[in-house]
Amino acid sequence: MKENLQELGFFEAVEARRSVRIFDQESPFDHEQVKKCLEAAILSPNSSNLQLYQFVRVPESSPLKDPLAQLCMRQKAATTARELVVIITRRDLWKSRAEANFRYLSETAQNQSEKKVKQARNYYKNLIPKLFGKFPGWTILKKIIAWWVGLRRPMVREVGETEVRISVHKSAALAAMTFMLGMKAVGYDTCPMEGFDSKRVKKLLNLPSEAEICMIIGCGKGLPEGVYGPRFRVPTSELIEEK
């Protein structure tokens with residue numbers, strides 16, 4: 001059974017979206033809309049088109065849902081959620097994702113110049129391995145190279161292991177935001193959570209050891225009492241600067 005939910009336009013969805021911490025347990029919930037919004041999230045921009053993230057769905061019917069909610073520090077946004085979506089990063093998949101991009105470029109190069117195709121292939125065959133590769137001392141060496149090159153011309157400085165990890169999480173967060181806006185656009189609410197026991201969640205969901213949890217998102221039809229007060233934002237003048 002599906003609800004008769006009002007679909008919203010982009011700016012309406014942005015304005016109406018709130019982090020809702022209590023979800024309705026009585027009204028029907030269409031889990032297919034979660035799938036639809038996750039498929040939209042996959043279209044989000046991401047670093048080097050590597051898509052080093054995954055979405056793990058835990059619907060209310062899953063035996064893992066209640067244990068997972070408990071590991072979210074028993075937040076109401078988790079315990080009352082009709083579905084939990086765990087956003088994880090997969091930095092370890094960079095080789096297979098780079099290869100997938102390389103193959104795609106090789107198969108769809110008909111309308112591109114040979115020079116441009118060669119540059120793109122070189123990016124995934126040479127530059128990405130240098131950025132994501134791991135061996136002793138490599139992070140320090142990359143930083144030295146970036147500093148040395150940067151003395152003579154503009155150069156990307158964020159090449160260390162910590163910066164690469166942050167970049168992967170940024171891509172996952174962009175996808176998460178697209179998902180949450182999509183859920184609001186189809187009439188549902190969400191709440192992103194960072195309060196959880198990541199070690200126990202990884203064990204519960206049997207996640208790969210290399211995976212990291214970016215956030216866990218509670219989904220459902222929000223109740224009015226699930227919005228904890230009027231929205232507060234600092235003045236626009238403090239956030240938007242023009243030079």
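**Exercise 1. Determine the order of helices and strands along the chain.**

Solution. Helices (H or I, at least four residues) and strands (E, at least two) are taken as DSSP runs and numbered from the N terminus. Read along the sequence, the pattern is α-α-β-α-α-β-α-α-α-α-β-α-β-α. The chain thereby holds ten helices and four strands.

The model is a predicted one, in which local features need pLDDT of at least 70 and side-chain atom pairs count only at pLDDT 80 or more, whereas totals for chains, interfaces and linings use all residues. Residues are numbered from 1 along each chain as its sequence is written, and side-chain values use heavy atoms, with hydrogens and water left out.

**Exercise 2. Describe the overall extent of the chain, its burial and its contacts.**

Solution. Begin with the extent: along its principal axes, the C-alpha trace spans about 60 × 45 × 40 Å. Next, consider burial, where buried means under 20% relative accessible area, exposed over 50%, and partly exposed in between (1.4 Å probe, protein chains only). Of the 243 residues, 39% count as buried. Finally, take contacts, meaning heavy atoms within 4.5 Å. Among contacts with a separation of 6 or more, 79% join residues 24 or more positions apart.

**Exercise 3. Check whether the span of helix 8 agrees or disagrees with the expected value, and state what follows this helix.**

Solution. The expected span of a helix is 1.5 Å times one less than its number of residues. Helix 8 covers residues 161-185, which is 25 residues, so it should span 36 Å. Its end C-alpha atoms lie 37 Å apart, in agreement with that value. After helix 8 comes G187, whose phi is positive, near 100 degrees.

**Exercise 4. Classify H169 as buried or exposed and list its contacts.**

Solution. H169 is located in helix 8. Its relative accessibility is 17%, and therefore H169 counts as buried. Leaving aside residues up to four places away in sequence, H169 touches T89, E212, I213 and C214.

**Exercise 5. Analyse helix 6: its span, its bend and its buried residues.**

Solution. Helix 6 has 19 residues and reaches 26 Å from its first C-alpha to its last, close to the 27 Å expected. A bend is the angle between axes fitted to the seven residues ending at a residue and the seven starting there. By that definition, helix 6 bends by about 40 degrees at Y123. Its buried residues are V117, Y124, I128 and F132. These buried residues pack against helix 5 and helix 8.

**Exercise 6. Classify I140 as buried or exposed and give its separation from C191.**

Solution. I140 belongs to helix 7. With 57% relative accessibility, I140 counts as exposed. I140 and C191 are 51 residues apart along the chain, and their C-alpha atoms are separated by 38 Å.

**Exercise 7. State how many cavities of 30 Å³ or more there are, and characterise the largest.**

Solution. On a 1 Å grid over the protein atoms alone, a cavity is a set of points where a 1.4 Å probe fits but cannot get out, while a pocket is an open set with protein on both sides within 12 Å along at least five of seven lines; lining residues have an atom within 4 Å of a point. Grid points are joined across faces, edges and corners, and a volume is the space filled by probe spheres set on the points.

The count is one cavity of 30 Å³ or more. The largest cavity has a volume of about 40 Å³. Its lining consists of S47, L50, Q51, L52, F132, S167, V168 and S171. Helix 8 gives the largest share, three residues.

For classes, Ala, Val, Leu, Ile, Met, Phe, Trp, Tyr, Cys and Pro count as nonpolar, Asp, Glu, Lys and Arg as charged, and the others, Gly among them, as polar. The lining of the largest cavity has four nonpolar, four polar and no charged residues.

**Exercise 8. Describe the largest and the second largest pocket by volume, lining and residue class.**

Solution. The largest pocket has a volume of about 580 Å³. Its lining comprises 23 residues, and L127, L131, V156, E158 and V159 lie nearest its centre. Helix 6 supplies the largest share of this lining, six residues. By class, the lining of the largest pocket divides into 14 nonpolar, three polar and six charged residues.

The second largest pocket holds about 230 Å³ of space. Its lining comprises 14 residues, with R91, D92, K134, E161 and E210 nearest its centre. Helix 8 contributes the most to this lining, four residues. By class, the lining of the second largest pocket has three nonpolar, three polar and eight charged residues.
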